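Please walk through this model with me, moving from one local site to the next and pausing at the helix packing and the aromatic residues along the way.

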Amino acid sequence: MTTRPGDGAEALEAPPLEPRSAAEIAADAELDAFWLELSAQVAAMSAEQVTAAAEHGAPIPPLPRPPESAAERRSRLDAEFVERFAALEAETSRIEGERRALMAEHLQRMIDQRGDTGAMLRELASCAAVEVGLASTTVERRMSDAWAIITTLPAAHEAAAEGRITVSHLRVIEAETRPLREDEQLDAADRERVVAALVDTAERSSVSRLRSRAKQLVNDALSTPLQVRHDAARQRRRVEVSDAGDGMAHLYAFLPALEAYAVHDRLTQAARGKPKEDPRSFDQFRADAFQELLLSGVVPEDPHGTSGIRVKPMIAIPAGGLCFDGTAAEAEAAGHRFPAMLDGKVIVDLDTARRLAGEASTWLRLFTHPVTGVAVTVDSYTPTAAQRHALLGRDVRCRAPGCDRPARRADLDHTRPWSQGGETSLSNLAHICRRDHCLKHDSRWAVEQLPGGVLRWTSPLGQVIDDLPEPAGPVFTDMSRTRPRPPKRTGAQRRADQRAALERLGRWDDPTTWTAPDPAVLREWHGAPLEPAAHGDPNAPPPPF
């Protein structure tokens with residue numbers, strides 16, 4: 001490849017500099033020496049002296065900085081990335097909020113106008129779709145969703161528009177609160193209370209944990225008991241298939257939650273036992289096991305692979321719901337609204353929980369704190385089966401920030417490593433999934449366990465995140481007092497009251513100190529005074545004293 005004159009690097013060369021005279025060179029050298037001397041003087045001054053000099057207009061040269069180390073450069077770049085990423089997420093939420101408000105405003109404008117709202121919406125959506133290259137149906141759906149969110153979830157829309165929560169948080173709130181909006185018997189105040197609680201949770205938790213929390217809050221607020229809703233939904237169980245292209249298809253099964261998770265767990269355990277030389281991935285083996293179990297009843301390449309599998313889902317069941325003498329619907333109507341929880345994130349109906357409890361060969365009692373709802377355990381030097389069960393009940397999920405993986409599939413990690421003197425006790429153990437476990441040991445993240453099972457994580461950038469254990473049972477709160485608390489009295493006031501009481505007691509013992517009764521008080525107690533009776537009258541009333 002050849003280049004012509006004027007092309008390539010020759011065209012980018014700067015014009016030659018003009019030669020400088022000796023006087024100019026000497027002046028520049030003198031100026032450089034002046035700035036070096038001034039910098040040395042400023043470096044020797046205190047911070048207050050530098051501030052005072054700057055306020056009087058003195059020139060303050062930039063102080064020389066030590067060269068940045070590799071660790072400092074990494075920390076600076078990491079902090080810049082996190083700050084910029086968070087700013088872009090907040091800005092994305094604000095832009096999305098503005099777009100949502102724009103679409104809802106114009107849809108409301110068409111609703112308020114006379115005529116066919118659907119036709120006007122299609123017309124406006126088609127014009128916008130042509131401009132941005134989208135389908136008109138997509139624009140219509142976005143406008144309808146935006147109007148529904150703003151009109152039914154104003155608090156969540158406002159939080160997302162201000163950048164306090166992300167768009168993903170808003171989508172979870174919108175999807176999980178849909179049953180609340182469809183419940184005609186639910187008061188608007190109760191619906192707003194649940195949405196406000198979810199917004200508060202979204203501001204300080206991840207999307208996956210928000211979804212788990214939303215299921216519990218929505219279930220508690222719905223007017224129809226869970227058992228009734230579960231029985232109705234169970235009638236709609238089905239299996240569907242849809243074409244996915246490339247000779248593939250999606251097979252969907254709408255099943256009760258317990259059975260669906262049990263099926264998935266059985267497939268997972270079968271995939272865990274696949275030979276190491278098997279080239280199939282974990283997901284591929286699980287998919288093959290699924291289809292072979294349905295078609296032939298065996299796992300591929302392992303006819304006896306599932307014969308010994310026993311699914312043991314962890315379910316937390318409140319004792320009040322089991323001991324109630326009545327149906328599940330009557331139990332919920334009586335106030336036993338705390339449902340059984342599968343892996344701490346899937347709600348299970350009470351009839352299924354009772355059936356499992358009745359079929360269980362052994363029971364493990366797990367007592368919870370009546371105020372915090374956190375599982376109460378006994379310390380032990382070595383990990384025992386009871387200790388592992390107690391930690392499962394306390395942690396429920398991975399305790400790393402933002403992670404929502406079930407605790408039964410996580411590692412039981414020593415918060416303070418065993419090699420550094422960490423004890424094998426409940427106050428030094430927590431469930432952390434394998435990914436976050438490796439991150440804890442292979443990165444600059446630090447974690448300490450506070451009283452009550454609280455894990456305090458510190459990021460390499462200095463961010464502090466406290467991960468609190470989820471309540472494993474009902475939580476009791478203090479009721480407001482019917483009467484105001486008495487005002488606090490100082491020690492001098494209490495001693496003065498004591499002296500006054502002693503003086504009153506002393507006067508009571510001495511009849512000479514008794515005061516004459518007030519006539520007004522006597523009239524109030526006994527009415528008007530009686531006329532003195534004739535001497536010797538047998539029908540005269542007795543005197544009042």
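Leaving aside neighbours within four places in sequence, K274 is in contact with R280, S281, F282 and F285. The model in which these contacts appear is a predicted one, and K274 itself is found in the loop between helix 12 (257-272) and helix 13 (282-295). A further distance helps to place this residue: K274 and R286 are twelve residues apart in sequence, and their C-alpha atoms are 9.6 Å apart in space.

With that site in view, the chain as a whole can be described. It holds 20 helices and ten strands, and buried residues account for 27% of its 545 residues. If one takes the contacts between residues at least 6 apart in sequence, 53% of them join residues at least 24 apart.

The packing of helices can be followed from helix 10. The axes of helix 9 (residues 188-202) and helix 10 (residues 207-221) come within 10 Å and cross at roughly 165°. Because angles over 145 degrees count as roughly antiparallel, helix 9 and helix 10 are described as roughly antiparallel to each other, and their crossing is right-handed. On the side of helix 9 the contact is made by R193, V194, A197, L198, T201 and A202, and on the side of helix 10 by L210, R213, A214, L217, V218 and A221.

One of the residues in this contact, T201, can be looked at more closely. T201 is found in helix 9, and it is buried, with a relative accessible area of 10%. Not counting residues up to four places away in sequence, T201 touches L210 and R213, both of which belong to the helix 10 side of the contact.

Helix 10 also meets helix 7 (residues 167-176), and here the two axes come within 10 Å and cross at roughly 20°. That angle makes helix 7 roughly parallel to helix 10, and helix 7 passes helix 10 in a right-handed crossing. Helix 7 contributes S168, H169, V172, I173 and E176 to the contact, while helix 10 contributes V207, L210, R211, A214, K215 and V218. Among the helix 10 residues, L210, A214 and V218 are listed in the contact with helix 7 and are listed again in the contact with helix 9.

Turning to aromatic residues, how many aromatic pairs does a search of the whole structure find? The search finds two. W445 and W457 form an aromatic pair that is edge-to-face, with 6.3 Å from centre to centre and 70° between the planes. W445 lies in the loop between helix 18 (434-442) and strand 8 (446-450), whereas W457 lies in strand 9 (residues 454-458), so the pair ties together parts that are twelve residues apart in sequence. The two rings belong to residues of unlike accessibility, since W445 counts as partly exposed at 25% relative accessibility, while W457 is buried, with a relative accessible area of 3%. Elsewhere, an arginine is placed against a ring: R238 lies over the face of F254, at 4.9 Å from the ring centre.

The next site concerns the backbone. Most residues other than glycine have a negative phi. Phi of V396, however, is near 70°, a positive value in a residue other than glycine. V396 lies in the loop between helix 17 (385-395) and strand 6 (411-414), and at 16% relative accessibility it counts as buried.

Is H431 buried or exposed? At 5% relative accessibility, H431 counts as buried, and it is found in strand 7 (residues 429-432). Leaving aside its neighbours within four places in sequence, H431 is in contact with R388, L391, L392, D395, R397, C398, R399, A407, A410, D411 and L412. For one of these partners a distance is available: H431 and C398 are 33 residues apart in sequence and 5.5 Å apart in space, C-alpha to C-alpha.

A last site lies in helix 5 (residues 136-152), where S144 is found. S144 counts as partly exposed, at 32% relative accessibility, and, leaving aside its neighbours within four places in sequence, it is in contact with L107 and L121. S144 and R100 are 44 residues apart in sequence, yet their C-alpha atoms are 9.8 Å apart in space.

Note on methods:
Residues numbered from 1 in each chain as written. Predicted model: local features only at pLDDT ≥ 70, side-chain atom pairs only at ≥ 80, totals over all residues. Heavy atoms only, no water. Phe/Tyr/Trp six-rings, centres within 6.5 Å; stacked < 30°, edge-to-face > 60°. Helix = DSSP H or I, 4+ residues; strand = E, 2+ residues; numbered from the N terminus. Buried < 20%, exposed > 50% of the residue type's maximum accessible area, 1.4 Å probe, protein only. Lys NZ or Arg CZ within 6 Å of the ring centre and 35° of its normal. Axes fitted to C-alpha atoms, helices over the stretch in contact; angles between N-to-C directions. Parallel < 35°, antiparallel > 145°, perpendicular 65-115°, else oblique. Left-handed = near helix turned anticlockwise from the far one by under 90°. Contact = heavy atoms within 4.5 Å.
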